[in-house]
Structure formats: C-alpha cells, structure tokens
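Please look through the sequence and the predicted model below, and then follow the description from the interior to the surface.

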Amino acid sequence: MDGSDRGTLFVISAQSGTGKSTLARRLLESVPGLVFSVSHTTRPRRAGEQSGREYHFVDDAVFDAMVAEGGFLEWARVFDHKYGTGLAATESVLAKGADMLLDIDVSGAGQVRAKGLDAVSIFILPPDYASLTERLTRRGSEDPSALALRLREARREALEYDRFDYVVVNAELKEAVSELSAIVRAESARTARRRNRVTQILSTFPAPGTGA
C-alpha cells in the first residue's frame, strides 16, 4: 500500500489439486497488507472450511441474483458448482490502495483479463501429472467420476499457461511461496504503480533555484 496509489490486483490460477489454495494462504502470511478476496460459491463446504474465510457459501438463488445484478467481477460454473468474485468488495479494497489476491480458476482469470483491468496474473503448475493425480486422490473430497472429470480437464487448463504473466511450479511448497512473494513485491514496486507516492516524495524537495 503506497499513499493514495491504487492497489494492485494479483490473480493466481491453476488446475484443481495443484496446491493453489495452500500457496495463497502462505503468500498472505508472507506479504503484509495483501488482502485476500473471499469468493462466493455454491459448492458444499468441505471439512474445516468456514463461510467468509475460504468462501462465502451461498445457494443457487442468491448466486444467480448477484449475476443478474452485475455483482461479480468474474464468475464461472466449475464441475456443477458456481464461483464468483464480488465486484464491489474488490473495487473497495483496491481504491483504498491495498493490494488484493484473487484465488480463482482459469476461466475466471480469463474474464478478469478480458475486462482490461490492471492485474498481475500467475499460473500455478504441478511438477508433473503423476503428482497432480496423487494430490487429487489423496484429498478424497470427490467421488471417482468427479475425480476423473477433473483429471481430464487438467491438460486443457495447463495449456492456458501462456496467457498469464508468470508461471510458478509448485514442486516444493517453501520455494513456490518464495517465488510468489518475490513476484508480488516486485510488481508492487513498479514505477507506474508508485507514481503517486513518488510525487508526494518529490513535493518535499526544495524547488529549483531555492537551495537545499
């Protein structure tokens, strides 16, 4: 956060089972002031999840009403459930100068990109297909048919990598978090994003010809 500068929107996306949500949590712990965007979803809560923390869990009627009212920055149906990022909440955080992290799927990232927003996009990849299969199987949150569907979609989603600004391979958690943290810190320090702060600093300097 830099004075009156607008915050930066960071978007991380990946196939299911890549460890994206774990990386997001660790990134938030490592970068002070980074705000997490809590998405809305119609999927059931998993064990240990809390509404308002991982997601805002809502039913289809509430979700569809938000879509009709233009209440989402992006939204998508993913494997029989809907996910969406609240537009007003996102704009409020960025307008205050805070950086925000969106943990969304590949389709949602495409919608953000299509809107032409000043966003930094990061794609997370597993080290290989076998690791992805193992992670999804070990999670045990889906029946075999749903698991098979996710795995079939994995290659298609992976081919979207070149639409993103950065790619991080989640082979070792600590290293992946370090890379993500470096990306966020570097992007936040770009000249264009610090212009208002720089102007404030320069205003404290004496005018030309007046001396130190």
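In this predicted model, the largest nonpolar core has 18 residues, and those with the most contacts inside it are Leu-27, Leu-101, Ile-122, Ile-124, Val-168 and Leu-180. Two or more residues of this core are given by each of strand 1 (9–14), helix 1 (20–30), strand 8 (119–125) and helix 7 (173–188), and the largest share, five residues, comes from helix 7. In soluble globular proteins, nonpolar side chains tend to be buried together.

Leu-101 shows how such a core residue is surrounded: when its neighbours within four places in sequence are left aside, Leu-101 is in contact with Phe-10, Ile-12, Ala-24, Leu-27, Leu-28, Leu-34, Val-35, Phe-36 and Ser-37. Apart from the core just described there is a second, separate one of 14 residues, which includes Val-11, Leu-73, Leu-102 and Phe-123.

Nonpolar residues are also found on the surface, where Val-198, Ile-201, Leu-202 and Phe-205 form a patch that has, taken together, about 370 Å² of accessible area. One of these, Leu-202, belongs to helix 8 (residues 195–202), and Leu-202 counts as exposed because its relative accessible area is 52%, where exposed means over 50%.

Helix 2 (residues 60–68) offers a view of local detail at both of its ends. Its N-terminal end is capped by Asp-59, a side-chain oxygen of which lies 3.3 Å from the backbone nitrogen of Ala-61, while just after helix 2 the residue Gly-70 takes a positive phi of about 70°.

Note on methods: Residues numbered from 1 in each chain as written. Predicted model: local features only at pLDDT ≥ 70, side-chain atom pairs only at ≥ 80, totals over all residues. Heavy atoms only, no water. Core = buried A, V, L, I, M, F, W, Y, C linked by side-chain atoms within 4.5 Å. Buried < 20%, exposed > 50% of the residue type's maximum accessible area, 1.4 Å probe, protein only. Helix = DSSP H or I, 4+ residues; strand = E, 2+ residues; numbered from the N terminus. Contact = heavy atoms within 4.5 Å. Patch = residues over 30% accessible without salt bridge, like charges linked within 9 Å, V, L, I, M, F, W, Y side chains within 5 Å. Areas by Shrake-Rupley, 256 points an atom, 1.4 Å probe, with all protein chains shown as cover. Salt bridge = Lys/Arg side-chain N within 4 Å of Asp/Glu carboxyl O. Polar contact = N/O pair within 3.5 Å; in protein donor to acceptor, adjacent residues only side chain to side chain.
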